[in-house]
Amino acid sequence: MEGKIIGISGSVVTVSGLEDPMMNNIVFIGEKELVGEIVKIEGRNAIIQVYEDTSGLKVGEKAVDSKEPLSVELGPGLIGSIFDGIQRPLDKILSKEGTFISSGIKINSLDREKKWHFKPKAEEGKAVEPGEEIGEVKETSLIKHKVIVPINKKGIIKKIAEEGDYTVEDTIAVLEDDKKTEEIKLMTKWPVRTARPVKEKLSPTVPLLTGQRAIDTMFPVAMGGTAAVPGPFGSGKTVIQHQLAKWSDADVIVYVGCGERGNEMTEILTTFPELKDPKSGKPLMDRTILIANTSNMPVAAREASIYTGITLAEYYRDMGYSVAVMADSTSRWAEALRELSGRLEEMPGEEGYPAYLGRRVGEFYERAGRARILSGKIGAATIIGAVSPPGGDISEPVSQNTLRVTRVFWALDASLANARHFPSINWLNSYSLYTDELDQWYRKNIAEDWPELRDKSMATLQKEAEINEIVQLVGYDALPESDKLILDVARMLREDYLQQNAFDEIDTYASVSKQYRMLKIINQVFDAEKAALERNVPIEKIQSVQVKPKIARLRYTKEEEIDAKIKEIEKDIEEIKKTNVEK
Amino acid sequence: MEEIEYRTIERVTNVLLFVKDVKNAGYNEQVEIELETGKKVSGQVLATNEDVTIIQVFGETTGMNTQTTKVRFKGTTFKMPVSMDMVGRVFDGLGRPRDGGIPIFSDEKMDINGSPINPYAREEPSEFVQTGISSIDCMNTLVRGQKLPIFSGSGLAHNKLAAQIVKQAKILAEKQNFYVVFGGIGINSEDANFFVNEFQNSGALERSVIFLNLAAEPSMERVILPRLALTAAEYLAYEKNAHVMVILTDMTNYAEALREISAARDEVPGRRGYPGYMYTDLAGLFERAGKVKGKEGSVTQLPILTMPSDDITHPIPDLTGYITEGQVVLSRALDKSGIYPGVDVLLSLSRLMNQGIGKDSTREDHRSVSDQLYAAYAKGKELRSLTEIVGEDALSKIDKQYLHFAEEFETRFIKQGFNEDRSINETLDLGWELLSSIDKSEMKRIKPEFIEKYGKWKQI
């Protein structure tokens, strides 16, 4: 039965006369059939949050219940696409509607015409369980799309399509379960607010390598882990998110631009197709899904965008892939939540945010994880969420609720950013709770002494902070030589190691083995200089060996040339070792 | 469109009207309110349900009552007639002529709220705009289609700076289709006159559309004014293929007006009483900057805001900074020491700089010079505060060079005359000259080949 609009306040619309309205069902509002979701039911009235601009909508217009919750379409064709917050394809909207997005656009998320080359991977007569792989579609040059039995279906394969080209709506298999037959297509649907099930969550043991020294070395995030990146504006949150989307070694990247700048999404759209994945040499766009709900797009769809993002990520995780979700910025999502809550006239909690903010943040990050998926394989979804605290002060509710549930904290620092130290990850405040779990991996796969080198470098940086306080009081000249040496080495660590230029062709990405070599050689220089100092060689003399400019160039040295350069520096270290008091 | 008239006003506050039993009011629908005296005021539907419709009045509610005041619903959202006749004209905060001329008549009407640009339709802004100001061109480069606000404080030279940018940016762009849209939001008449005079002197006036709402005029118009200005800009950019620079000043007054409406509606306030949706609202304005595929024109925004008590963490600059592509921050300390334009280079930022600089647009060494100047100035300033404690003598030779550099950088690079228009080559060369007072070995951010090619170190 059709309902009727009885009230409009911004994006919140009250409808009466719907037959048995259910929470979170989608309702089409007004003559234009704007998409909305039921967020509250009061007696016979349903309160609906509308995902599109409601300007011009009138009291008295119709409302039709779809009887389905807000869902996304899952199937081949997701990778390489750009969607809005409720999964409408923005490229198709452009060709249909022109430059601007108007209200009431209806376009399928997945292309219904396009044919995909399907290869069956299971035989007729086989009993299959939910999540089991029955076929494969080559989606892009990088991703083989595993066709899995939908999560609510199982049975014996009665029929499976032969290898060939099919649209997402063609039936590619028929299952029989208890005399009931079920058709399986390349496309399925899943409600975004429900986490997709896994067999069990596993503890993370493998790092998500990002090619960023400050992250991989100092504050690593695990594959399937969670990380928060809070920072004031201009501190480089978005650049870090872009860097991770470009260089991290996940199989699939889901980038959610949530309430941020339109031009930033354009930047990704223009640069990613040209960039090559360091492992495979294929275009990065071939593993990337973009979700763009920019700050001027409807606020309710912004709230939905991060759920859309994580659901797509879970879908690829369920094929056994490692997926990384970048959400930039979760603060905008929380603000959307606050705005909608205000319009619903709910009792506000801290700073006007709804009382359920903490729960929602927790639920979102809990959808990350390394897991044994239904097919028994292992998949992972990592979430990296940017937070934009007002004035950079992280005592506010969104930052605090996020820090409670995430295990890595990259504290971006305005003063570092102002000194153009990028990435502006503050090494004194940041932390990663994964270091212990990942140490074993680093020992086994990179070098036995990796954790020690890291701890030693970190200690040098800590010490530097202490010495600097003394310098403020007595001046540099009054310092003992040993302290001067520490300042010197700490400067190398900061400027030549932690700093990394995202816009330099070479420096933008450093493999873990390059990182290890760089860190090791800096510490070798430190040891040699310290030993010389203990032999009472004057510091000027030690530093007359011109090793520092060479170390500074390592950042810009190509991976294949790094060994040669390290050898040169090792010779200098020998020089330092030979210095003595006499001459 | 049929217009329905109501006389069922139930409640009047200083900015809102509550009208009973309105049939089929549309959200954001435009209304006209007629007073007993015959005076007409416009307004907009803020919320509506079967019992009561809330109307935001653009202007004062003085003289309105529940008995004789009439409300007419226009059946459409707020639309503005647009044509090339707007150019060279001055309008008020609701788009009515304030220069004595006739109103704009046109069949083409555009919704003043605009529609969001499809992110997929955007083109990455990458065309360098030479403002002739070193601290902007070299350090915080402006590109076409960018939104780069000026964060200022009361009494600082932001108006002068904005006028200089318009004047100098215009020169190179003259051959192209270049227009200025100026929105004066709650500014005083002296500031308004300053801009009009400056535009006149530089010849920009005949290529501009001006919207003015003075400090004494209704604050509610301030919420509409930037939307009109941006609608005019979009018309020129996307229908007439023009490059449009939009100056909006003072956005702080805009935010104040927003807060006033929010308070009148009894909304739950966010930080410092500003509404929780201020981010979304501001974004709805600032995101209207840009360049789109298939159209030649562009909208570049230079909003100006004064930071209350120079506090950059105040909600207005804070939220703005999260939306805009960088910011140019003016410093009171520089201003006090007689440096115009007192751009605080360390706090300023242009996020789109990388796309607009380099070999094909400015010069290959631009990024390196900018980074090195930045690092050197940051170091010099840090040392400056250190010497206040330990004295200059305690510094090493290199540190003294940095200290000296910072001084020179402020007085020669940042400081320039109101009529001094530096080309990007002049600016970069000046940068090299200043850098050469520091040891060459300190130039960690510059590629060696650029030092060879452009460096000004004396051969020893």
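# Working through a two-chain model

Let us start with one pair of residues: A:Thr171 has A:Lys185, in S16(A), as its bridge partner. Strands and helices here are DSSP runs numbered from the N terminus, with runs of E of at least two residues for strands and runs of H or I of at least four residues for helices. This is a predicted model, in which local features need pLDDT of at least 70 and side-chain atom pairs count only at pLDDT 80 or more, while totals for chains, interfaces and linings use all residues. Residues are numbered from 1 along each chain as its sequence is written, chains are lettered from A and ligands numbered from 1 in the order in which they are written, and side-chain values use heavy atoms, with hydrogens and water left out.

**Exercise 1. Find the open sheet of four strands in chain A and follow its order.**

Step 1. Strands of a sheet pair through backbone hydrogen bonds, either parallel or antiparallel. Two strands count as paired if DSSP finds at least two bridges between them.

Step 2. The order in chain A is S10-S13-S15-S16, with antiparallel pairing. The edges are S10 (127–128) and S16 (180–185), each pairing on one side only.

Step 3. Now go inside the sheet. S13 (residues 155–160) of chain A is joined to S15(A) by four bridges, and A:Ile160 stands opposite A:Ala173 there. S15 (residues 171–177) of chain A also pairs with S16(A), over six antiparallel bridges.

**Exercise 2. Look for unusual backbone angles in chain A.**

Step 1. Most residues other than glycine have a negative phi, and most peptide bonds are trans.

Step 2. Begin at the hairpin of S15(A) and S16(A), which has two residues between the strands; A:Asp178 takes a positive phi near 55° in this hairpin. A:Lys179, in the loop between S15 and S16 of chain A, also has a positive phi, near 75°.

Step 3. Next, check the peptide bonds. A:Asp328 and A:Ser329 are joined by a cis peptide bond with omega about 5°, and A:Ser329 sits in the loop between S22 (322–328) and H6 (330–343) of chain A. Another cis bond links A:Phe422 to A:Pro423, with omega about -5°; A:Pro423 belongs to the loop between H9 (414–418) and S26 (431–432) of chain A.

**Exercise 3. Describe the contact between chain B and chain A.**

Step 1. Count the residues. Chain B brings 70 residues and chain A brings 73 residues, where contact means heavy atoms within 4.5 Å.

Step 2. Look up the area. About 5900 Å² is buried between the two chains, with carbon and sulfur atoms giving 53%; this is the accessible area (1.4 Å probe) lost on putting the two parts together, summed over both.

Step 3. Turn to the polar contacts, 29 residue pairs between chain B and chain A. Such a contact is a pair of N or O atoms within 3.5 Å; within protein, one must be able to donate a hydrogen and the other to accept it, and residues adjacent in sequence count only if both atoms are side-chain atoms.

Step 4. See which parts of chain B take part. Among the elements giving two or more residues are S5 (40–49), S7 (70–77) and H10 (366–390) of chain B. The largest share, six residues, comes from H10(B).

Step 5. Strands cross between the chains too: S1 (residues 3–9) of chain A pairs with S5(B) in the antiparallel sense over three bridges. A:Ile8 has B:Thr48 as its bridge partner.

**Exercise 4. Track down salt bridges that join the chains.**

Step 1. A salt bridge is a side-chain nitrogen of Lys or Arg within 4 Å of a carboxyl oxygen of Asp or Glu. The whole structure holds 82 of them over all chains, and five lie across the interface of chain B and chain A.

Step 2. One example links B:Glu50 and A:Lys4 (3.1 Å, N to O).

Step 3. A:Arg491 and B:Glu442 meet as well, at 4.0 Å, N to O. A:Arg491 lies in H12 (residues 481–498) of chain A and B:Glu442 in the loop between H12 (424–435) and H13 (448–454) of chain B, so the pair joins two chains.
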